[in-house]
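Me: I have a protein model open and want to learn how its parts fit together. Can we go through it in short steps?

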Amino acid sequence: MRMYDIIHKKRDGEVLTKEEIEFVITGFTDGRIPDYQMSALCMAIFLRGMTAQETAHMTLAMAASGDQIDLSAIKGVKVDKHSTGGVGDTTTLVLLPLVASVGVPVAKMSGRGLGHTGGTIDKLESIPGFSIELTTEQFAHNVNTLGAALMGQSGSIAPADKKLYALRDVTATVDTIPLIASSIMSKKIAAGANAIVLDVKTGEGAFMKTLDGSFDLAQAMVEIGDEVGRQTIAVISDMEQPLGYAVGNALEVQEAIDTLRGQGPADLTELCLVLGSYMVVAAGVAKDAAEARQKLTESLEQGHALDTFRRFLKAQGADPAVADDPKLLPQAQKTVELPADRAGYVTRIHAEEVGTCAMLLGAGRETKESEIDLAVGLVLRKKVGDRVEAGESLVTLHVGDESRLAEVQQRLTAAYEIAEKAPVQPTLIYGVVTRDGVERFV
């Protein structure tokens, strides 16, 4: 088998076999296939595409390139949730205790943030004492006894994906559905879950900027899941503006606690109930989404979700009192209000720019080596559709290092669009993709 022949075959639009794809992934991972040949194949895939079966073969080959987690010691159907990333995306912090509180085992592996999107581990590590350093045995024990556990994603999971992504990043081949879908799903499959619920973000603050592209990606990932025997459901949700109000590590933890109390932002609460309902159904704990939503709503109202969060924190070395007193979280040195320069209605908030501003304050990483300040970030005071008066606060900035404060203030002011006429209220959830097909809500 020769790499030249495989490149030639895909260049001409032919379908690669399972054996050819495995040859490529194994050879590239161990260094036998050089970057220039892999770059040529990526470009051929970018131009010619891949079938659902080809994409599934590539996904499994990448999952098999490193460690594959065995969750068989954990009782019940293990359901994983993955978000394609966004600004203020605090759903995992809410869903982990919420879904666990109704009897679904949540064994979560998460990563750190880079750029304008925050990482779940960074957010949780803003809680004093919280540790992701669990052995496999401790991880399984915590899920079996408490219902939930979280640990960092090992660098040995899907190493082929890490190496391939670095190459795609410098060869203009990132933006192609088969390679994006196989990248995401290879890590989810290697992590060992029986079922996967995907939150595919769409809009300016998301990886996928267009609605059609987001549905295409969702459909590709669901098809992969179906091909490899993992029940997979994808929800397409809005990221034209930040989710919730808080953007920043400790600030998002506080907002997650508010949500677990039943006092969180309406959009964050609704999205968590929708995603959580699909997780509960996938685990077999409810017969349909309506029953699952009722269980989750009752858990929030009766305090079970918040209590599960307390026990989860204690099991991972953190002070559970944080759930009752968010002032125990890191606090910024000062807060600064950003006033509106005119009166009117907020018609648009450029989500990616808001995320970038939080990063510039120190809440995110510009490079993998960047140090982050867990206390800083921003809290939106106005969102799309809200009325604002001239001089009224649009955003509260939580600030440590002030060296880029003036730049952040200028950029945030430009990120808000204000007009005299109220806009149409934005859509939160655009549709759902399952193995039965695509359902668009708008």
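Reply: Start with one term. Two strands count as a pair if DSSP finds at least two bridges between them. Keep in mind that this model is predicted.

Me: How many bridges join strand 6 to strand 9?

Reply: Strand 9 covers residues 377-380 and runs antiparallel to strand 6. Pairing needs at least two bridges. The number joining strand 6 to strand 9 is two.

Me: Which residue in strand 9 stands opposite Ala246?

Reply: Strand 6 spans 246-247. Across from Ala246, in strand 9, stands Val379.

Me: Which strands stand at the edges of the sheet?

Reply: The sheet is open and has four strands, in the order 6-9-11-7. Strand 6 and strand 7 (334-339) each have a single partner strand, so one side of each lacks a neighbour in the sheet. The edge strands are strand 6 and strand 7.

Me: What angle does helix 16 make with strand 11?

Reply: Helix 15 (residues 351-361) lies across strands 6, 9 and 11, at about 140° to strand 9. Helix 16 (residues 405-415) also packs on the sheet, touching strand 7, strand 9 and strand 11. Its direction and that of strand 11 make an angle of about 155°.

Me: How many charged residues line the second largest cavity?

Reply: That cavity has a volume of about 60 Å³. Its lining includes Leu71, Lys78, Asp80 and Met109. Strand 1 (79-83) and strand 2 (106-110) each supply at least two lining residues. The lining divides into six nonpolar, no polar and, as charged residues, two.

Definitions and conventions: Residues numbered from 1 in each chain as written. Predicted model: local features only at pLDDT ≥ 70, side-chain atom pairs only at ≥ 80, totals over all residues. Heavy atoms only, no water. Contact = heavy atoms within 4.5 Å. Axes fitted to C-alpha atoms, helices over the stretch in contact; angles between N-to-C directions. 1 Å grid on protein atoms, 1.4 Å probe; cavity = no way out; pocket = protein on both sides within 12 Å on 5 of 7 lines; lining within 4 Å. Points joined across faces, edges and corners; volume = space filled by probe spheres on them. Nonpolar A, V, L, I, M, F, W, Y, C, P; charged D, E, K, R; others polar.
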